[in-house]
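Biologist: I should like to go through this model with you, from its overall surface to individual residues. Shall we begin once it is displayed?

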Amino acid sequence: VEELGYMAIRGRPPRPKIYAPQSIHPELWDESLAAGLRWRMDGDNFITKGYEDYFTPVAISYEEPFDMGDGITLEIRKVKHMPETFGLKLIFGPGLSMGYSSDTGFMPELFDWWADCAFIAHEVHFSPDIKWHTPLQDLLTLPDAVQEKTWLCHYTDDYLEHDTGKMRYLVQGKVYKPFC
């Protein structure tokens, strides 16, 4: 995100939009991005820049779907991770939706929310002891029909050593066309 800010301040691309609950925007700047983006050189002088010099913050709600335009709707729900971490559902049209878990402990209710999704990207962890991520053994309790549309991400380098049931791995650099 910081690199996008560097590029955007030079006008390419224009300021990217950051979609997040309103409470996250100040924290994102203060706790993460300001360290590398606050100070800029203007000739021989330092000047300070702020979040909105680099990004266009767009507030979204946990309670209401967000119309992203072009017929795309975004819904978010809090998940079991750090405060304000959320999973999401992108709806592109009837029968064309996808779910994404973000980092989370196992939450079977997310799969109920994603019941109409054709594609689910879900993080996985191979240790049952870490409860702020989802252990593979919990995902393997999902029905086969749910596993077949679930793709695993956020995994460790030893991922090939694990039986994932009907689920498959998302692989960096590979293009997926879930609605084609």
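Biologist: How much area does the protein expose, and what share of it do carbon and sulfur atoms supply?

Modeller: Please bear in mind that this is a predicted model. The area exposed by the protein is about 10700 Å². Carbon and sulfur atoms supply a share of 53%.

Biologist: What percentage of the residues count as buried?

Modeller: The C-alpha trace spans about 60 × 35 × 30 Å along the principal axes, and the protein has six helices and 11 strands. Of its 180 residues, the share that counts as buried is 38%.

Biologist: How far apart are the mean positions of the positive and negative charges?

Modeller: The protein carries 17 positive and 28 negative charges. Taking the mean position of each set, the separation is 5 Å.

Biologist: On which residue is the kink in helix 2 centred?

Modeller: Helix 2 covers residues 24–37. Its buried residues are Ile-24, His-25, Trp-29, Leu-33, Ala-34 and Leu-37. The kink amounts to about 45°, and its centre is Asp-30.

Biologist: Against which elements do the buried residues of helix 2 pack?

Modeller: Two helices are among the partners, namely helix 1 (2–9) and helix 3 (51–54). The strands against which these residues pack are strand 1 (17–21), strand 2 (39–42), strand 4 (56–60) and strand 7 (86–93).

Biologist: Why does Leu-37 count as buried, and what is its relative accessible area?

Modeller: Leu-37 belongs to helix 2. Beyond four places in sequence, Leu-37 touches Glu-2, Tyr-6, Trp-29, Lys-49, Tyr-54 and Phe-55. A residue is buried when its relative accessible area is under 20%. Leu-37 therefore counts as buried, because its value is 0%.

Biologist: What distance separates the C-alpha atoms of Leu-37 and Gly-50?

Modeller: Leu-37 and Gly-50 are 13 residues apart along the chain. Their C-alpha atoms are separated by 7.8 Å.

Biologist: Which residue in strand 8 is the bridge partner of Leu-90?

Modeller: Strand 7 and strand 8 (residues 96–100) run antiparallel and are joined by five bridges. Their hairpin has two residues between the strands, and Gly-95 there takes a positive phi near 75°. In strand 8, Leu-90 is partnered by Met-98.

Biologist: Which residue in strand 9 stands opposite Tyr-100?

Modeller: Strand 8 is also joined to strand 9 (residues 119–123), by three bridges. These two strands run parallel. The residue of strand 9 opposite Tyr-100 is Ala-121.

Biologist: Is Glu-84 buried, partly exposed or exposed?

Modeller: Most residues other than glycine have a negative phi. Glu-84 has a positive phi of about 70° although it is not a glycine, and it lies in the loop between strand 6 (72–78) and strand 7. The partly exposed class runs between 20% and 50% relative accessible area. With a relative accessibility of 25%, Glu-84 is therefore partly exposed.

Biologist: What is the relative accessible area of His-154?

Modeller: His-154 lies in the loop between strand 10 (150–153) and strand 11 (168–169). Although not a glycine, His-154 has a positive phi of about 60°. His-154 is partly exposed, and its relative accessible area is 43%.

Biologist: What percentage of the contacts with a separation of 6 or more comes from residues 24 or more positions apart?

Modeller: The contacts considered are those in the protein with a separation of 6 or more. Residues 24 or more positions apart account for 46%.

How values were computed:
Residues are numbered from 1 along each chain as its sequence is written. This is a predicted model: local features need pLDDT of at least 70, side-chain atom pairs count only at pLDDT 80 or more; totals for chains, interfaces and linings use all residues. Side-chain values use heavy atoms; hydrogens and water are left out. Helices (H or I, at least four residues) and strands (E, at least two) are DSSP runs, numbered from the N terminus. Buried means under 20% relative accessible area, exposed over 50%, partly exposed in between (1.4 Å probe, protein chains only). Contact means heavy atoms within 4.5 Å. Accessible areas come from the Shrake-Rupley method with a 1.4 Å probe; for residues, only the protein chains shown count as cover. Lys and Arg count as positive and Asp and Glu as negative; His and the chain ends are not counted. The place of a charge is taken as NZ of Lys, CZ of Arg, CG of Asp or CD of Glu. The bend at a residue is the angle between axes fitted to the seven residues ending there and the seven starting there. Two strands pair if DSSP finds at least two bridges between them.
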